[in-house]
Amino acid sequence: MKLVVGSPGTIGGLLLRTGQCLFSSAAIAVMVSASGFSNYTAFCYLIASMGLQALWSLGLGCLDCYALRMKRDLNNPVLVSLFVVGDWVTATLSLAAACSSVGVTVLFVNDLEFCRLYPQLPCYKYEISIIFAFITWLLIAMSSLVMFCLLASV
């Protein structure tokens, strides 16, 4: 297997996982701080998806730290296969959650104008959380593409 930027057990891989974990946690924190988010299924789905993403990224980030500290190679075909499946599943869930949440937010802001009619509705927090979710998805998409390239090079 060839070494690709962002491979497991490298500094690039650790930075990708750290970014995924931080942005997904930020998405959760901002959404949870918005009052009334639990009334909307798409926002609850975003919280669940970002929670899964944070756990997945934290676990693989810890594995990257271990590999860097012990100078271990994580480019094992079985491990990379597991990483590919996990990354693709979490990427799909993250994109679906972010898209459904943005759909609800666009409905509130533009179509129904709830945000103008009900100023107590924290639409700006919804928007910030969704931005963090899309950044998380961008990072996981990069990571899953790297893993797929590594798997193909076996």
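Here are some exercises with worked solutions on the predicted model shown above.

**Exercise 1. The overall layout**

Task: Work out how many helices and strands the protein chain has, and in what order its elements run.

Solution: Start by counting elements. The protein chain has five helices and zero strands. Reading from the N terminus then gives the order α-α-α-α-α. For the overall dimensions, take the C-alpha trace along its principal axes, where the span is about 55 × 25 × 20 Å. Next comes burial: of the 154 residues in the protein chain, 41% are buried. Finish with the contacts that have a separation of 6 or more; 81% of these link residues 24 or more positions apart.

**Exercise 2. Helix α1 and its two partners**

Task: Find how α1 is oriented relative to α2 and relative to α5.

Solution: A reminder helps before we begin. Two packed helices are described by the angle between their axes and by the distance between those axes.

Step 1, α1 with α2. Their axes are 8 Å apart and the packing angle is about 150 degrees. Angles over 145 degrees count as roughly antiparallel, so α1 and α2 are roughly antiparallel to each other. The handedness of this crossing is left-handed. Sorting the residues of the α1–α2 contact by type gives 17 nonpolar, eight polar and two charged.

Step 2, α1 with α5. Helix α1 covers residues 11–33 and helix α5 covers residues 123–152; their axes come within 8 Å and cross at roughly 160 degrees. The pair α1 and α5 is therefore roughly antiparallel as well. Here too the crossing is left-handed. In the contact of α1 with α5 there are 15 nonpolar residues, seven polar ones and two charged ones.

**Exercise 3. Helix α2 against helix α3**

Task: Describe the packing of α2 and α3 by angle and axis distance, then say which hand the crossing has.

Solution: Begin with the geometry. The axes of α2 and helix α3 (residues 77–111) lie 9 Å apart, at an angle of about 150 degrees. That angle makes α2 roughly antiparallel to α3. As for the hand, α2 passes α3 in a left-handed crossing. The residues of this α2–α3 contact comprise 17 nonpolar, eight polar and one charged.

**Exercise 4. A glutamine in helix α2**

Task: Decide whether Q53 is buried or exposed, and list the residues it is in contact with beyond its sequence neighbours.

Solution: First place the residue: Q53 sits in helix α2, which spans residues 41–70. Its relative accessible area is 0%, so Q53 is buried. Now set aside neighbours within four places in sequence; Q53 is then in contact with Q20, S24, T90, S94, T136 and I140. One of these partners deserves a closer look, since the side chains of Q53 and Q20 are joined by a polar contact of 3.5 Å. Last, compare sequence and space for Q53 and V89: they are 36 residues apart along the chain, and their C-alpha atoms are 9.7 Å apart.

**Exercise 5. A serine in helix α5**

Task: Establish whether S144 is buried or exposed, and find which backbone oxygen lies 3.0 Å from a polar atom of its side chain.

Solution: S144 lies in helix α5. With a relative accessible area of 3%, S144 falls under the 20% cut-off and is therefore buried. The backbone oxygen in question belongs to A141, 3.0 Å from a polar side-chain atom of S144. If neighbours within four places in sequence are left aside, S144 is in contact with D87 and W88.

**Exercise 6. Positive phi in two loops**

Task: For K71 and E113, say where each residue lies and how exposed each one is.

Solution: Take K71 to begin with. K71 has a positive phi, near 55 degrees, although it is a residue other than glycine. The loop between α2 and α3 holds K71. K71 has a relative accessible area of 74%, so it counts as exposed.

Now turn to E113. E113 is not a glycine either, yet its phi is positive at about 55 degrees. E113 belongs to the loop between α3 and α4 (114–117). Its relative accessibility is 32%, so E113 is partly exposed.

How values were computed
Residues numbered from 1 in each chain as written. Predicted model: local features only at pLDDT ≥ 70, side-chain atom pairs only at ≥ 80, totals over all residues. Heavy atoms only, no water. Axes fitted to C-alpha atoms, helices over the stretch in contact; angles between N-to-C directions. Helix = DSSP H or I, 4+ residues; strand = E, 2+ residues; numbered from the N terminus. Parallel < 35°, antiparallel > 145°, perpendicular 65-115°, else oblique. Left-handed = near helix turned anticlockwise from the far one by under 90°. Nonpolar A, V, L, I, M, F, W, Y, C, P; charged D, E, K, R; others polar. Buried < 20%, exposed > 50% of the residue type's maximum accessible area, 1.4 Å probe, protein only. Polar contact = N/O pair within 3.5 Å; in protein donor to acceptor, adjacent residues only side chain to side chain. Contact = heavy atoms within 4.5 Å.
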